[in-house]
Amino acid sequence: IEREDGEGRIFVRTPSHHQLQLRLEPPGESGDQTVPAKISAARVKGRMIFRQAGYEHQDSYKNEKVLASLLYSLIKIANTATWWDR
């Protein structure tokens, strides 16, 4: 990322030195203030889902249930590593 203009435009340079201008689009539907609910549910189909409520996204780092689900997820990801002996 080279710069952003604060209005949704991001300017990046690729490894081959091409400059690209990207634009953030507004959300297409409501969700949980982070990811549209329909899209996120479709992407995790068949996987563990943590449905949590009672906090705003910004305060999630202070929520014990969020921290517990994060720890669980990190352990699951770490256990897929092939470069260490479990």
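## Report on a predicted model of three strands and two helices

Leaving aside neighbours within four places in sequence, Leu24 touches Gly8 and Ile10. The model is a predicted one. Leu24 belongs to the loop that runs between β3 and α1. With a relative accessibility of 58%, Leu24 is over the 50% cut-off and therefore counts as exposed. Glu7 is 17 residues away from Leu24 along the chain, and the C-alpha atoms of these two residues are 8.6 Å apart.

### The chain as a whole

The chain contains 2 helices and 3 strands. Read from the N terminus, the order of these elements is β-β-β-α-α. Of its 86 residues, 10% count as buried. When contacts between residues at least 6 apart in sequence are considered, 4% of them join residues at least 24 apart. A search for aromatic pairs through the whole structure finds 0.

### The sheet

The 3 strands form an open sheet in the order β1-β2-β3, and the pairing is antiparallel. The edge strands are β1, residues 3-4, and β3, each of which pairs on one side only. Strands of a sheet pair through backbone hydrogen bonds, in either the parallel or the antiparallel sense.

β1 and β2 run antiparallel and are joined by 2 bridges. A hairpin is formed by these two strands, with 4 residues between them, and Gly6 in its turn has a positive phi of about 80°.

β2 covers residues 9-13 and β3 covers residues 19-23; this antiparallel pair has 5 bridges. The hairpin of β2 and β3 has 5 residues between the strands, and His17 there takes a positive phi near 70°. This is a positive value in a residue other than glycine. His17 is placed in the loop between β2 and β3. Its relative accessibility is 60%, so His17 counts as exposed.

The table lists residues that face one another across the paired strands.

| Residue | Opposite residue | Strand of the opposite residue |
|---|---|---|
| Glu4 | Ile10 | β2 |
| Arg9 | Arg23 | β3 |
| Phe11 | Gln21 | β3 |
| Val12 | Leu20 | β3 |

Two of these residues return elsewhere in the description. Ile10, the bridge partner of Glu4, is one of the residues in contact with Leu24. Phe11, whose bridge partner is Gln21, also has a charged group over its ring: the charged end of Arg3 sits there, 3.9 Å from the ring centre. In a regular strand, side chains alternate between the two faces of the sheet.

### The helices and the loop between them

Helix α1 covers residues 37-43, and Asn63 is found in the loop that leads from α1 to α2. Asn63 has a relative accessibility of 18%, which is under the 20% cut-off, so this residue counts as buried. What does Asn63 do at the N-terminal end of α2? Asn63 caps that end, with a side-chain oxygen 2.9 Å from the backbone nitrogen of Lys65.

Helix α2 has 15 residues, numbered 64-78. The expected span follows from 1.5 Å a residue, counted over one less than the number of residues, so a value of 21 Å is expected for α2. The C-alpha atoms at the two ends of α2 are 21 Å apart, which agrees with the expected span.

Ser69 has its place within helix α2. Is Ser69 buried or exposed? At 12% relative accessibility, Ser69 is under the 20% cut-off and therefore counts as buried. A polar atom of the Ser69 side chain lies 2.9 Å from the backbone oxygen of Val66. An α-helix has 3.6 residues a turn, so residues three or four places apart point the same way.

### Accessibility of the residues described

Asn63, at 18% relative accessibility, counts as buried, and Ser69 counts as buried at 12%. Leu24, by contrast, counts as exposed at 58%, and His17 counts as exposed at 60%. Asn63 lies in the loop between α1 and α2, whereas Ser69 lies in helix α2. The exposed residues named here are in loops: Leu24 between β3 and α1, and His17 between β2 and β3.

Conventions
Residues are numbered from 1 along each chain as its sequence is written. Side-chain values use heavy atoms; hydrogens and water are left out. A polar contact is a pair of N or O atoms within 3.5 Å; within protein, one must be able to donate a hydrogen and the other to accept it, and residues adjacent in sequence count only if both atoms are side-chain atoms. Rings of Phe, Tyr and Trp (its six-membered ring) pair if their centres lie within 6.5 Å; planes under 30 degrees apart count as stacked, over 60 as edge-to-face and the rest as tilted. A charge sits over a ring if NZ of Lys or CZ of Arg is within 6 Å of the ring centre and within 35 degrees of the ring normal. Two strands pair if DSSP finds at least two bridges between them. Buried means under 20% relative accessible area, exposed over 50%, partly exposed in between (1.4 Å probe, protein chains only). Contact means heavy atoms within 4.5 Å.
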